[in-house]
Amino acid sequence: MAQETETGTANEPRKVPKIDWNDKSYANWIHAGKSGMDFKGFDFQRDNVIRFMNRIDLNSGPLKQKIEMMIRVKVPEVDDNGEEVGPIKEYVYYTIRYEGRDSWKQKIACDLIEGRHQIIVQEQRVDWKLEDGHPIQDITTVDSTPVLKYTILFEGKKTVDAILKKHNMIERENDIRFYWKARGTYPGAGGDRCTDYSYDQFSNSEFSHLEYLARRPGGPTGKINLAKETPAYAECTCGACVKQK
Ligand SMILES: [Zn+2]
(Lines give C-alpha, C1' and ligand atoms only; values in the text may rest on other atoms or scores of the structure.)
Protein backbone atom coordinates (compact mmCIF):
# COMPACT_ATOMS: atom_id res chain seq x y z
CA MET A 1 0.00 0.00 0.00
CA ALA A 2 1.22 3.45 -0.84
CA GLN A 3 2.41 5.52 2.05
CA GLU A 4 1.80 9.19 2.37
CA THR A 5 5.07 11.11 2.44
CA GLU A 6 6.19 14.63 1.80
CA THR A 7 8.08 13.52 -1.25
CA GLY A 8 5.26 11.92 -3.21
CA THR A 9 5.73 8.81 -5.33
CA ALA A 10 7.67 9.89 -8.39
CA ASN A 11 10.84 11.01 -6.59
CA GLU A 12 9.64 14.48 -7.27
CA PRO A 13 9.02 16.73 -4.29
CA ARG A 14 5.35 17.40 -3.70
CA LYS A 15 4.43 20.76 -5.18
CA VAL A 16 2.03 22.71 -2.97
CA PRO A 17 0.07 25.77 -4.06
CA LYS A 18 -0.18 28.84 -1.87
CA ILE A 19 -3.73 29.70 -1.00
CA ASP A 20 -4.78 32.59 1.14
CA TRP A 21 -7.65 31.15 3.11
CA ASN A 22 -9.90 32.43 5.87
CA ASP A 23 -8.47 31.19 9.17
CA LYS A 24 -9.98 33.92 11.32
CA SER A 25 -12.17 31.63 13.46
CA TYR A 26 -9.03 29.83 14.61
CA ALA A 27 -7.13 33.10 15.15
CA ASN A 28 -9.99 34.29 17.35
CA TRP A 29 -9.95 31.02 19.31
CA ILE A 30 -6.23 31.40 20.04
CA HIS A 31 -6.75 35.10 20.83
CA ALA A 32 -9.32 34.00 23.45
CA GLY A 33 -6.51 32.11 25.18
CA LYS A 34 -7.66 28.65 24.17
CA SER A 35 -5.60 25.69 23.04
CA GLY A 36 -5.34 25.04 19.31
CA MET A 37 -5.78 21.31 20.05
CA ASP A 38 -9.32 21.92 21.31
CA PHE A 39 -10.41 24.05 18.39
CA LYS A 40 -13.99 23.43 17.42
CA GLY A 41 -14.86 25.63 14.49
CA PHE A 42 -18.53 25.60 13.58
CA ASP A 43 -17.69 24.90 9.96
CA PHE A 44 -14.72 22.57 10.51
CA GLN A 45 -13.05 24.19 7.57
CA ARG A 46 -9.65 24.39 9.22
CA ASP A 47 -9.40 20.58 9.40
CA ASN A 48 -10.58 20.29 5.80
CA VAL A 49 -8.04 22.74 4.41
CA ILE A 50 -5.13 21.29 6.36
CA ARG A 51 -5.91 17.77 5.14
CA PHE A 52 -6.31 19.05 1.61
CA MET A 53 -3.05 21.02 1.69
CA ASN A 54 -1.24 18.01 3.17
CA ARG A 55 -2.15 15.99 0.09
CA ILE A 56 -2.43 18.20 -2.94
CA ASP A 57 0.38 17.87 -5.45
CA LEU A 58 0.59 20.24 -8.40
CA ASN A 59 2.74 17.67 -10.23
CA SER A 60 -0.47 15.66 -10.67
CA GLY A 61 -2.65 18.51 -11.89
CA PRO A 62 -3.57 22.14 -11.34
CA LEU A 63 -5.46 23.63 -8.42
CA LYS A 64 -8.95 24.55 -9.53
CA GLN A 65 -11.24 26.87 -7.64
CA LYS A 66 -14.95 27.46 -7.97
CA ILE A 67 -17.32 29.68 -6.03
CA GLU A 68 -20.31 27.54 -5.11
CA MET A 69 -22.55 29.95 -3.24
CA MET A 70 -22.73 33.66 -2.64
CA ILE A 71 -24.97 34.96 0.11
CA ARG A 72 -26.21 38.47 0.93
CA VAL A 73 -27.04 39.17 4.58
CA LYS A 74 -27.96 42.22 6.64
CA VAL A 75 -26.58 42.10 10.18
CA PRO A 76 -25.30 44.48 12.86
CA GLU A 77 -21.62 45.29 12.77
CA VAL A 78 -19.72 43.42 15.53
CA ASP A 79 -16.23 43.94 16.92
CA ASP A 80 -13.58 41.30 17.64
CA ASN A 81 -15.24 40.51 20.96
CA GLY A 82 -18.53 39.67 19.28
CA GLU A 83 -20.19 42.85 20.63
CA GLU A 84 -22.56 44.76 18.40
CA VAL A 85 -20.86 48.07 17.80
CA GLY A 86 -22.53 49.49 14.76
CA PRO A 87 -25.71 49.74 12.75
CA ILE A 88 -27.11 46.99 10.55
CA LYS A 89 -25.05 46.74 7.40
CA GLU A 90 -25.12 44.66 4.26
CA TYR A 91 -22.51 42.00 3.83
CA VAL A 92 -21.73 39.24 1.39
CA TYR A 93 -20.00 35.94 2.10
CA TYR A 94 -19.36 32.94 -0.08
CA THR A 95 -18.27 29.33 -0.19
CA ILE A 96 -15.50 28.22 -2.47
CA ARG A 97 -14.47 24.73 -3.52
CA TYR A 98 -10.83 23.92 -4.20
CA GLU A 99 -10.06 20.88 -6.31
CA GLY A 100 -6.83 19.18 -7.20
CA ARG A 101 -5.05 15.82 -7.24
CA ASP A 102 -2.69 14.20 -4.77
CA SER A 103 0.62 12.51 -5.60
CA TRP A 104 -1.30 9.34 -6.54
CA LYS A 105 -3.53 11.31 -8.93
CA GLN A 106 -6.49 10.84 -6.61
CA LYS A 107 -8.95 13.70 -7.08
CA ILE A 108 -9.35 15.68 -3.87
CA ALA A 109 -11.48 18.70 -2.94
CA CYS A 110 -12.35 20.91 0.00
CA ASP A 111 -14.84 23.67 0.72
CA LEU A 112 -14.17 26.96 2.47
CA ILE A 113 -16.20 29.88 3.72
CA GLU A 114 -14.85 33.34 2.98
CA GLY A 115 -16.12 36.59 4.44
CA ARG A 116 -17.50 35.20 7.68
CA HIS A 117 -15.93 33.77 10.82
CA GLN A 118 -16.80 32.77 14.33
CA ILE A 119 -16.02 34.79 17.42
CA ILE A 120 -15.79 33.13 20.81
CA VAL A 121 -14.80 35.14 23.83
CA GLN A 122 -14.00 33.71 27.22
CA GLU A 123 -15.75 35.25 30.17
CA GLN A 124 -15.24 34.72 33.86
CA ARG A 125 -18.16 33.63 35.97
CA VAL A 126 -18.24 33.93 39.74
CA ASP A 127 -20.14 31.09 41.42
CA TRP A 128 -21.14 31.14 45.05
CA LYS A 129 -21.54 27.46 45.81
CA LEU A 130 -22.31 25.45 48.84
CA GLU A 131 -20.01 22.60 49.73
CA ASP A 132 -21.00 20.59 52.75
CA GLY A 133 -23.08 23.54 53.79
CA HIS A 134 -20.10 25.92 53.61
CA PRO A 135 -20.31 28.80 51.18
CA ILE A 136 -17.39 28.95 48.79
CA GLN A 137 -16.61 31.27 45.93
CA ASP A 138 -15.48 29.73 42.70
CA ILE A 139 -14.37 31.56 39.56
CA THR A 140 -14.66 29.64 36.33
CA THR A 141 -13.99 30.57 32.73
CA VAL A 142 -16.82 29.99 30.29
CA ASP A 143 -17.12 30.47 26.54
CA SER A 144 -19.44 33.14 25.22
CA THR A 145 -22.10 32.17 22.70
CA PRO A 146 -20.38 32.15 19.30
CA VAL A 147 -21.17 35.18 17.19
CA LEU A 148 -20.63 35.42 13.45
CA LYS A 149 -18.58 38.32 12.19
CA TYR A 150 -18.92 39.31 8.55
CA THR A 151 -16.03 41.06 6.85
CA ILE A 152 -17.01 41.87 3.25
CA LEU A 153 -19.32 44.88 2.98
CA PHE A 154 -21.77 44.63 0.09
CA GLU A 155 -21.38 47.71 -2.07
CA GLY A 156 -23.25 46.59 -5.13
CA LYS A 157 -22.10 44.88 -8.28
CA LYS A 158 -18.48 45.95 -7.81
CA THR A 159 -18.25 43.80 -4.66
CA VAL A 160 -19.54 40.72 -6.49
CA ASP A 161 -17.25 41.30 -9.47
CA ALA A 162 -14.19 41.81 -7.24
CA ILE A 163 -14.85 38.42 -5.59
CA LEU A 164 -15.23 36.67 -8.96
CA LYS A 165 -12.04 38.32 -10.20
CA LYS A 166 -10.11 37.36 -7.06
CA HIS A 167 -10.85 33.69 -7.79
CA ASN A 168 -10.28 33.93 -11.54
CA MET A 169 -13.89 33.24 -12.32
CA ILE A 170 -14.39 34.88 -15.65
CA GLU A 171 -17.84 33.64 -16.50
CA ARG A 172 -20.15 35.57 -14.28
CA GLU A 173 -22.79 33.01 -13.45
CA ASN A 174 -21.02 29.71 -13.82
CA ASP A 175 -23.53 27.75 -11.72
CA ILE A 176 -23.00 29.93 -8.66
CA ARG A 177 -25.99 29.73 -6.37
CA PHE A 178 -26.95 33.24 -5.26
CA TYR A 179 -28.69 33.47 -1.89
CA TRP A 180 -30.57 36.04 0.11
CA LYS A 181 -30.72 35.45 3.85
CA ALA A 182 -32.75 37.41 6.37
CA ARG A 183 -30.72 36.60 9.45
CA GLY A 184 -27.44 34.98 10.34
CA THR A 185 -25.91 36.50 13.44
CA TYR A 186 -25.56 33.23 15.33
CA PRO A 187 -24.45 29.85 14.01
CA GLY A 188 -27.48 27.72 13.31
CA ALA A 189 -29.90 30.59 13.83
CA GLY A 190 -33.01 30.16 11.76
CA GLY A 191 -34.29 32.70 9.32
CA ASP A 192 -35.71 33.20 5.88
CA ARG A 193 -33.56 32.39 2.92
CA CYS A 194 -34.00 32.02 -0.80
CA THR A 195 -31.81 31.08 -3.73
CA ASP A 196 -32.36 30.96 -7.52
CA TYR A 197 -31.41 34.59 -8.06
CA SER A 198 -29.66 35.52 -11.26
CA TYR A 199 -26.30 37.26 -11.20
CA ASP A 200 -28.03 40.50 -12.18
CA GLN A 201 -30.73 40.26 -9.53
CA PHE A 202 -28.17 39.43 -6.85
CA SER A 203 -25.68 42.13 -7.85
CA ASN A 204 -27.99 45.02 -8.66
CA SER A 205 -31.06 44.72 -6.40
CA GLU A 206 -31.64 46.44 -3.11
CA PHE A 207 -31.84 43.99 -0.21
CA SER A 208 -35.59 44.50 0.16
CA HIS A 209 -36.08 43.71 -3.53
CA LEU A 210 -34.39 40.33 -3.02
CA GLU A 211 -36.92 39.66 -0.28
CA TYR A 212 -39.76 40.73 -2.58
CA LEU A 213 -38.47 38.37 -5.29
CA ALA A 214 -38.32 35.55 -2.72
CA ARG A 215 -41.95 36.07 -1.70
CA ARG A 216 -43.62 36.76 -5.01
CA PRO A 217 -45.42 33.85 -6.67
CA GLY A 218 -42.91 32.03 -8.86
CA GLY A 219 -39.93 33.16 -6.77
CA PRO A 220 -36.88 34.97 -8.19
CA THR A 221 -37.05 33.20 -11.56
CA GLY A 222 -40.83 33.53 -11.82
CA LYS A 223 -40.90 29.82 -12.71
CA ILE A 224 -41.30 28.07 -9.38
CA ASN A 225 -44.77 26.66 -9.03
CA LEU A 226 -45.63 26.68 -5.34
CA ALA A 227 -48.73 28.83 -5.66
CA LYS A 228 -50.54 27.23 -2.75
CA GLU A 229 -47.61 27.64 -0.39
CA THR A 230 -46.55 31.12 -1.40
CA PRO A 231 -47.39 33.51 1.42
CA ALA A 232 -49.24 36.72 0.75
CA TYR A 233 -46.96 39.30 -0.79
CA ALA A 234 -47.15 43.00 -1.33
CA GLU A 235 -45.79 45.28 -4.01
CA CYS A 236 -42.08 45.93 -3.64
CA THR A 237 -41.24 49.20 -1.95
CA CYS A 238 -37.52 49.28 -2.73
CA GLY A 239 -36.21 52.52 -4.27
CA ALA A 240 -35.82 51.10 -7.77
CA CYS A 241 -39.38 49.70 -7.94
CA VAL A 242 -40.99 52.87 -6.56
CA LYS A 243 -39.11 54.96 -9.14
CA GLN A 244 -40.43 52.76 -11.98
CA LYS A 245 -44.06 53.48 -11.16
ZN1 LIG B 1 -38.04 46.34 -5.71
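Me: Let me start with a definition. A nonpolar core is a set of buried Ala, Val, Leu, Ile, Met, Phe, Trp, Tyr and Cys residues joined through C-beta atoms within 7 Å. Which residues touch the most other members in the largest nonpolar core here?

Reply: First, a caution: this is a predicted model. Its largest nonpolar core has 35 residues. M70, I71, Y91, V92, Y93 and Y94 touch the most other members.

Me: Which elements give two or more residues to this core?

Reply: They are β1, β2, β3, β7 (147-150), α3 (157-166), β8 and α5. The largest share, six residues, comes from β2.

Me: Why does this core lie between domain 1 and domain 2?

Reply: Because both domains give residues to the core. Domain 1 covers 24-204, and domain 2 covers 205-245.

Me: Take one core residue, I71. Which residues does I71 touch, not counting those up to four places away in sequence?

Reply: I71 touches V92, Y93, Y94, Y179 and K181. V92, Y93 and Y94 appear with I71 among the core residues that touch the most other members.

Me: Now step back. How many helices and strands does the protein have?

Reply: Six helices and nine strands. Buried residues make up 25% of its 245 residues. Now count the contacts with a separation of 6 or more: residues 24 or more positions apart account for 62% of them.

Me: How do I read a sheet?

Reply: Start with the general idea. Strands of a sheet pair through backbone hydrogen bonds, either parallel or antiparallel. Then follow the strand order. Here five strands form an open sheet, ordered β3-β2-β1-β8-β9, with mixed pairing. At the edges are β3 and β9 (193-197), each paired on one side only. From one strand to the next, the twist averages 15 degrees.

Me: Does any helix sit on the sheet, and which strands does helix α2 touch?

Reply: Helix α2, residues 45-53, packs on the sheet and touches β2 and β3. The direction of α2 makes about 145 degrees with that of β3.

Me: Are β1 and β8 parallel or antiparallel?

Reply: They run parallel. Five bridges join β1 (residues 64-78) to β8 (residues 177-181). For one place to look, find R72: W180 in β8 stands opposite.

Me: And are β2 and β3 parallel or antiparallel?

Reply: Antiparallel, over eight bridges. Strand β2 spans residues 84-101, and β3 spans residues 107-114. At R101, the bridge partner in β3 is K107. The two strands form a hairpin, with five residues between them.

Me: What should I check in a hairpin turn?

Reply: Check the sign of phi. In the loop between β2 and β3 you find K105. Its phi is near 65 degrees, a positive value in a residue other than glycine.

Me: Is K105 buried or exposed?

Reply: Count C-beta atoms within 10 Å; 12 or fewer means exposed. K105 has 11 others in that range, so K105 is exposed.

Me: Which other strands form a hairpin with two residues between them?

Reply: β5 and β6 do. Ten bridges join β5 to β6 (residues 134-143), and the strands run antiparallel. L130 has P135 in β6 as its bridge partner. In the loop sits D132, whose phi is positive at about 55 degrees although D132 is not a glycine. D132 counts as exposed, because 5 C-beta neighbours lie inside 10 Å.

Me: How many of the ten residues of β5 are buried?

Reply: Zero. Strand β5, residues 122-131, is hardly covered.

Me: Let me try a helix. Which residues of α5 are buried?

Reply: In α5 (residues 207-215) they are L210, L213 and A214. They lie on the same side of α5, because they cover an arc of only 100 degrees around the axis. Their packing partners are β1, β8, β9 and α4 (199-204).

Me: One more residue. Where does V16 lie?

Reply: V16 is in the segment before α1 (24-31). Leaving aside neighbours within four places in sequence, V16 is in contact with M53 and I56. Look at N59 too: it is 43 residues from V16 along the chain, and their C-alpha atoms are separated by 8.9 Å.

Me: Why does V16 count as partly exposed?

Reply: Because 15 C-beta neighbours lie inside 10 Å of V16. Buried would need 20 or more.

How values were computed. Residues are numbered from 1 along each chain as its sequence is written. This is a predicted model: local features need pLDDT of at least 70, side-chain atom pairs count only at pLDDT 80 or more; totals for chains, interfaces and linings use all residues. Helices (H or I, at least four residues) and strands (E, at least two) are DSSP runs, numbered from the N terminus. Two residues are in contact if their C-beta atoms, placed from the backbone, lie within 7 Å. Two strands pair if DSSP finds at least two bridges between them. Axes are lines fitted to C-alpha atoms, for helices over the stretch in contact, and angles run from 0 to 180 degrees between N-to-C directions. The arc is that of the directions from the helix axis to the C-beta atoms. Domain bounds come from an automatic or database domain assignment.
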